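Thanks, everyone. Let me put the structure up, and then we'll walk through it.

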Amino acid sequence: MRKSLLALAAGLLLAGSVSAVSAADKLKVGFIYLGPIGDLGWTYQHDLARQALVKELGDQIETTYLENVPEGPDAERSIEQLVRAGNKLIFTTSFGYMDPTLKVAKKYPNVHFEHATGYKRNPNMSTYSARWYQGRYIQGLIAAKMSKSGVLGYIGSFPIPEVVSGINATILAAQTIKPDIKVKIIWANTWFDPGKEADAAKALIDQGADVIMQHTDSPAAMQIASERGKLAFGQDSEMIKFGPKTQLTSILDTWGPYYIERVKAELAGTWKSQDSWGGLDSHMFAMAPYTNMPDEVKKLAEDAQTAITAGKLHPFKCPIVGQDGKPVECKGGDHLDDGQILGMNFYVKGIDDKLPGK
Amino acid sequence: MQLVLEKRAERSGTIALVSPLIAIGLTVVTMVILFAILGKNPLLALHAYFIAPLTDGYSLQEIAVKATPLVMIAIGLSLCYLANAWNIGAEGQFLIGAVAGSWIAVKTQGTDAGAWVLPAMLVLAAAAGALYALIPAICKVKFGASEILTSLMLVYVADLFLDYLVRGPWRDPNGFNFPTTAEFDPVATVPLLIEGGRLHLGSIIALLVVAAAAILLGRTIKGFEIRVVGAAPRAARFGGFNANQLIILTFAISGALAGLAGIIEVAGPVGHLQPGISPGYGFTAIIVAFLGRLNPLGILIAGLFLALTFIGGEQAQIAMKIPLDVTKVFQGILLFYVLACDSLILYRFKLSFPNRQVASGTH
């Protein structure tokens, strides 16, 4: 009995290694996820893109992911585990993986890495991100049109440039409609915490905000806005089912085309380290359908989207005046340059709040 | 009919030793069933969990790296728990140690400070951890405040303090406003033991800590006092042992070890100070301490075992596409069985029939 069990075990192990061999000629592509995949939010969108990748190139690649990898001391090991499992192209999908990815990249020069939203690169490590501020600008236009109280509520995650530039883009857009528009900002200091996000939404509504926007992941704020009869924008994913009468639009992360492009380059042997910062024109993100608004506002949003996509409208068009009343240096000709947006560390005039850490 | 737990008159020494093994055995059986339900090959899955990580040098290193902070913190906690002092706030002491040590690293950054930097960081971190742990200890001794609550609440204070520092004064000026300090200089970094690997000096320190704790508990009067105060408080009082003094002492040691673990983690595997440096080490170490039966050697084994489940869980995710949640279920089941088996050492089930007549009437 014992012998047959052992034989069975050996057989199973062998079977496992045989299937590993047949998979060996496929390109192995690995993913590191920040959260559990769930059914919406940041990680979910990355996994949707992975699924799109499998659908497109499934006969040539094999994908593996590690979910819920904290952005701490464990990340380096998780990334290295993927390398050791034979993955040749690895997407690390959160900012906090920057240094760990770089460390592993330096150790394995023959493996290629793609790091989302960071700024450190290596000959075998690319970075990619999306110009979400373009979407925020469109949201700002809609919000100013739809707000009756003239007060917008903004749930911030962390006061990092990506989030700060989103707030600025929103308010700059809103000011073109209502010059004296106000925005209340609450820092949740988290990317995902439904309890905190719900509390923030309640506090914002209590302070008079009637359009809620968020840079956090959960649909909690959408649900609160829905309960209180206010309006809101989703984030990362389609959130309309949490507020059928509430969601105006949502910035959707659509990484699929980028992932497919990069894997194709890897397969063709043309992969090179680069920095991709794509906007609406390169489909790095998309806007959910414009809902719960009059046709006139919808048209305004669509026109802005078309203009931004065509490069005719820049959200950070000069002159831009900082909170201190002084004009911001215009390094990009008639708009701020990418460096200024990527490192944005100031509020524009009209935001009656103080940027944390300033 | 009632099922009650009745205390056993005597407990078997053999069973006390075998009980963790029974628990692991039961866990394995449960996991086999679970894997089968998930449609995964149980043998391959168990192989990925338990055997594969032990078969190559890389994974062994990673197990040691993962176990290092857990073991160091758990050793300190075990001293507290043996002395009946309930330090739940090791996570906070870990963070404060990391902050205090990082202070030197941040202040000497870019200067030509020499080899004294790292030792100074370690000493300061241990001191800060100890001082931070003394707050709940003194509140307990002087005012009778529950150390469970105060030490736990101080975790959040430490967490927010660290958060403030890396978002404000210590933020990397070239870091695009992201909440992290700059990478520490080489003199402020824990040296690696193997070139190109991740095993670092901290693992050696952890082993020394285990040895020191074994000597303290097994060969010194202080160690004897700690055990007696916890096991037989009245006897200890008659023996003239000062329980309050021991609360202070064990909290200080435990805080120092947690603080040391904190700076080793930051100056070692992480390389800079940032929020989220601990994935809950201070709390997981509580599990390690009890899994190791508050015994230094046991804690070392328990720490390595828990680390193995982390690494193995990750490899199972990669090799077998087993979801991470299963690893967590696995750890939960393990703890459940350990506690269940422990209870059965001390207690036994007994059926009692308080209202026999009524009961028989209804049947």
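When I say helix, I mean a DSSP run of H or I, at least four residues long, numbered from the N terminus. With that in hand, L294(B) sits in the loop between helix 11 and helix 12 of chain B. We will come back to that loop.

Confidence first. This is a predicted model. The scores are ipTM 0.78 and pTM 0.84. Chain A has an average pLDDT of 91, with 93% of its residues scoring at least 70. In chain A, the low point is helix 1, residues 2-24, at a mean of 45. The high point there is strand 3, residues 89-92, at 98. Across residues 1-22 of chain A, pLDDT is below 50, and beyond near neighbours in sequence the stretch makes 7 contacts in the model. Chain B averages 89, and 96% of its residues reach 70 or more. Its residues 358-363 stay under 50. That segment has 2 contacts beyond four places in sequence. A general caution: where pLDDT is low, the predicted coordinates should not be read in detail.

Now the interface. How many residues does each chain put into the contact? Chain A gives 33 residues and chain B gives 28 residues. On the chain A side, helix 1, strand 2 (61-66), helix 3 (73-84) and helix 4 (98-107) each supply at least two residues. Helix 3 of chain A has the largest share, with 8 residues. By class, the chain A side is made of 16 nonpolar, 9 polar and 8 charged residues. Keep in mind that helix 1 of chain A, one of those contributors, is where confidence in chain A is lowest.

Next, the cores. The largest nonpolar core holds 107 residues. Which residues have the most contacts inside it? They are V71(B) and I73(B). Take V71(B). Setting aside residues up to four places away in sequence, V71(B) touches A206(B), V210(B), V288(B), I299(B), L300(B) and G303(B). Apart from that core lies another, of 99 residues, and among them are Y133(A), L152(A), L248(A) and F285(A).

On to a helix pair in chain B. Helix 4 (residues 90-107) packs against helix 5 (residues 117-143) at an angle of about 145°. Their axes are 7 Å apart. Is the crossing left-handed or right-handed? Right-handed, for helix 4 and helix 5 of chain B. From helix 4 of chain B, the contributors include G92(B), I96(B), G97(B), A100(B), G101(B) and I104(B). From helix 5 of chain B, they include V117(B), M121(B), L124(B), A128(B), G129(B) and Y132(B). The contact between these two helices counts 15 nonpolar, 5 polar and no charged residues.

Now back to the loop between helix 11 and helix 12 of chain B. Start just before it, at A289(B), in helix 11 of chain B. Why is A289(B) classed as buried? Because it has 30 other C-beta atoms within 10 Å, and the cut-off for buried is 20 or more. Beyond four places in sequence, A289(B) contacts A74(B), L77(B), S78(B), Y81(B), L294(B) and I299(B). Of these, Y81(B) is 208 residues away along the chain, yet the C-alpha atoms are separated by 8.8 Å.

L294(B) itself has a positive phi of about 55°, and it is not a glycine. L294(B) has 20 C-beta neighbours inside 10 Å, so it counts as buried. N295(B) lies in the same loop, between helix 11 (281-291) and helix 12 (296-320). N295(B) has 17 other C-beta atoms within 10 Å, so it is partly exposed. N295(B) is 78 residues from L217(B) in sequence and 8.8 Å from it in space, C-alpha to C-alpha.

Last, the backbone outliers. Most residues other than glycine have a negative phi, and most peptide bonds are trans. Besides L294(B), N84(B) has a positive phi, of about 65°, and is not a glycine. N84(B) is in the loop between helix 3 (57-82) and helix 4 of chain B. N84(B) is partly exposed because it has 16 C-beta neighbours inside 10 Å. In chain A, a cis peptide bond joins C318(A) and P319(A), with omega about 0°. P319(A) is in the loop between helix 10 (295-309) and helix 11 (338-342) of chain A.

That's the tour.

Key
Residues are numbered from 1 along each chain as its sequence is written. Chains are lettered from A and ligands numbered from 1 in the order in which they are written. This is a predicted model: local features need pLDDT of at least 70, side-chain atom pairs count only at pLDDT 80 or more; totals for chains, interfaces and linings use all residues. A nonpolar core is a set of buried Ala, Val, Leu, Ile, Met, Phe, Trp, Tyr and Cys residues joined through C-beta atoms within 7 Å. A residue is buried if 20 or more other C-beta atoms lie within 10 Å of its own, exposed if 12 or fewer, and partly exposed in between; C-beta atoms are placed from the backbone. pLDDT is the predictor's confidence in each residue, from 0 to 100. Axes are lines fitted to C-alpha atoms, for helices over the stretch in contact, and angles run from 0 to 180 degrees between N-to-C directions. A crossing is left-handed if the near helix is turned anticlockwise from the far one by less than a right angle, and right-handed if clockwise. Ala, Val, Leu, Ile, Met, Phe, Trp, Tyr, Cys and Pro count as nonpolar, Asp, Glu, Lys and Arg as charged, and the others, Gly among them, as polar.
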